Amino acid sequence: MSREEAAALDAVDPLRAHRDQFELPEGMIYLDGNSLGPLSHAARDAAQTCIGDEWGRGLIRSWNTAGWVDLPQRCGRRLADLLGAAEQDIRVADSTSINLYKLLVAALALQSGRRTVLTEAGNFPTDLYITDAATRAGATHGVRRVAFDEIEQAIDETVAVVVLSHVHYRTGARHDMAAVTRRAHACGALVLWDLAHSAGAVPLNLAGDDVDLAIGCGYKFLNGGPGAPAFLYVAPGLQPVLENPICGWFGHARPFEFDDVYEPAAGVDRWQVGTPGVIGMRSLEGALSVWDSVSISDVAEKSAALFDGLAAWIDGPLADAGFELVTPRDPVRRGSQVSCRHPDAWPICQALIEAGVIGDFRTPDILRFGLTPLYLRHVDVWDAGARLAQIMASGRWRDARFQAQQRVT
Ligand SMILES: *Cc1c(COP(=O)(O)O)cnc(C)c1O
């Protein structure tokens, strides 16, 4: 593909107008929206209104007058289409890590007659650590970790809960949500899906796929802002029988009766714990409003084209540069990213950042590029490929200044 052909794709892109809703630094090609989504005008406006008017002038009245108390539901409503789930089955609360802990401990209590928690070796670290910790808390289960491709056949009658990332953070490989869930249910197991790299990236149908439990991030593809609150989903049939192990007052049926005894709220409201971080929720709510007019099938289609655009550089001009594409080429088997392995991934990533292309590095040797169709153009991906080819041809990445390590990659 030439740059002109990429520009021609942009001219007919049904999502092209959305780029103007974001505040992208001039001249930068941002391929890290899968790690921290960019600022939208809507998120900025919501945060400013929240700080200046609601907090600044409304003060405590804003819990009622600005509806702060309803933010977990309001944000949940805006996620319904993206998750393929009913709004009353979704809440926004806490972080992905904490939601995982809450839901997993609850699911294990329900499945106390079974021994095993099944997860994937190489799953995102928080998922591994929290799965171990939640299992220790109950003391009746043991964790079994198996490879990506072995998950389905490893599900048997001993499995209490399967804990999986739908899209793998390093490789971008995607599990078949419907098939894994079906297999688990056939064995009497529950599945808890981590949708950190799925929500806003790939079409989801939690209700249609009969998903039990799901959690996910607000700050990645959803663009809610650094550390934005996370979401959780609980299937309607499980809502009355699962108990939140962190039973704080915001999950009480009537928090403002200040009762001495905990009584869980009905439905998914019991999954709230304490006072929500209102500023973060308001930013997220603003960011989610951008999605109101977006068709996720347009997003998926454009993501596939962006992938092909970048893969063409790796297969073509960069064929001899030592990159190995690790993300599956089949669009339904992957999320919205391109990951390649290279022994010098770290300095190459740093040299790219200096050249205005922000991707990221995942230890030990993965160069990762997030594909975010709402604001990325085909020419951006073309230019990124060209700059990478230039860095490799010149050997500029070998420069000493690109070797230094940093705390956050
Ligand atoms: C990013 C990510 C998380 C992050 O969890 P936090 O609690 O927000 O830090 C969790 N799981 C997966 C799979 C992720 O990619």
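Trainee: Which residue follows α12, and what is the sign of its phi?

Mentor: This is a predicted model, and the angle is computed from it. The residue after α12 has a phi near 70°. That residue is G395, and the sign of its phi is positive.

Trainee: What span should helix α12 have, at 1.5 Å a residue?

Mentor: Helix α12 covers residues 378-394, which is 17 residues. Its end C-alpha atoms are 24 Å apart, and this agrees with the expected span. The span it should have is 24 Å.

Trainee: Which elements do the buried residues of α12 pack against?

Mentor: Begin with the residues themselves: the buried ones in α12 include H378, V379, L388 and M392. Buried here means under 20% relative accessible area. The elements that the buried residues of α12 pack against are α1, β1, α10, α11, β11 and β13.

Trainee: How many of the 12 residues of α9 are buried?

Mentor: Helix α9 reaches 16 Å from its first C-alpha to its last, close to the 16 Å expected. Among its buried residues are V278, M281, R282 and L288. The cover over them includes α2, α3, α4 and β2. The helix is largely enclosed by the rest of the structure, because the number of buried residues is 9.

Trainee: Why do the UniProt "binding site" residues not all gather at one spot?

Mentor: The unreviewed UniProt entry lists T96, S97, F124, P125, T126, D127, D194, H197, Y219, W249 and T275 under "binding site". They span 180 residues in sequence. They do not all gather at one spot because the farthest two C-alpha atoms are apart by 30.6 Å.

Trainee: Is S97 buried, partly exposed or exposed?

Mentor: S97 lies in helix α5. Leaving aside neighbours within four places in sequence, S97 is in contact with T126 and I130. Its relative accessibility is 22%, and buried would need a value under 20%. S97 is therefore partly exposed.

Trainee: Which residues does W249 contact, leaving aside its neighbours within four places in sequence?

Mentor: W249 is in the loop between β8 and α9. Its relative accessible area is 36%, so W249 is partly exposed. The residues it contacts are P255, F256, F258, V273, G274 and T275.

Trainee: Which residues do ring pairs link into a cluster with W249?

Mentor: The structure holds 10 aromatic pairs. A pair of aromatic rings is described by the distance of the centres and the angle of the planes. The residues linked into a cluster with W249 are W63, W68, F250, F256 and F258.

Trainee: Over which ring does the charged end of K220 sit?

Mentor: The charged end of R334 gives one example of such an arrangement, sitting 3.4 Å from the centre of the F307 ring. For K220, the charged end is 5.3 Å from the ring centre. The ring under K220 belongs to F124.

Trainee: What radius of gyration does the protein have?

Mentor: The protein has 12 helices and 13 strands, and its C-alpha atoms fill a box of roughly 70 × 55 × 40 Å along the principal axes. Buried residues make up 56% of the 409 residues. With 409 residues, a compact globule would have a radius near 22 Å. The protein agrees with this, at 22 Å.

Trainee: Of the contacts with a separation of 6 or more, what share comes from residues 24 or more positions apart?

Mentor: A contact here means heavy atoms within 4.5 Å. Among contacts with a separation of 6 or more, residues 24 or more positions apart account for 72%.

Terms used: Residues are numbered from 1 along each chain as its sequence is written. This is a predicted model: local features need pLDDT of at least 70, side-chain atom pairs count only at pLDDT 80 or more; totals for chains, interfaces and linings use all residues. Side-chain values use heavy atoms; hydrogens and water are left out. UniProt positions are given in the numbering used here, feature names are shortened, and annotations may be inferred rather than shown by experiment. Helices (H or I, at least four residues) and strands (E, at least two) are DSSP runs, numbered from the N terminus. Buried means under 20% relative accessible area, exposed over 50%, partly exposed in between (1.4 Å probe, protein chains only). Rings of Phe, Tyr and Trp (its six-membered ring) pair if their centres lie within 6.5 Å; planes under 30 degrees apart count as stacked, over 60 as edge-to-face and the rest as tilted. A charge sits over a ring if NZ of Lys or CZ of Arg is within 6 Å of the ring centre and within 35 degrees of the ring normal. The expected span of a helix is 1.5 Å times one less than its number of residues. The radius of gyration is taken over C-alpha atoms; the globule rule is 2.2 Å times the number of residues to the power 0.38.
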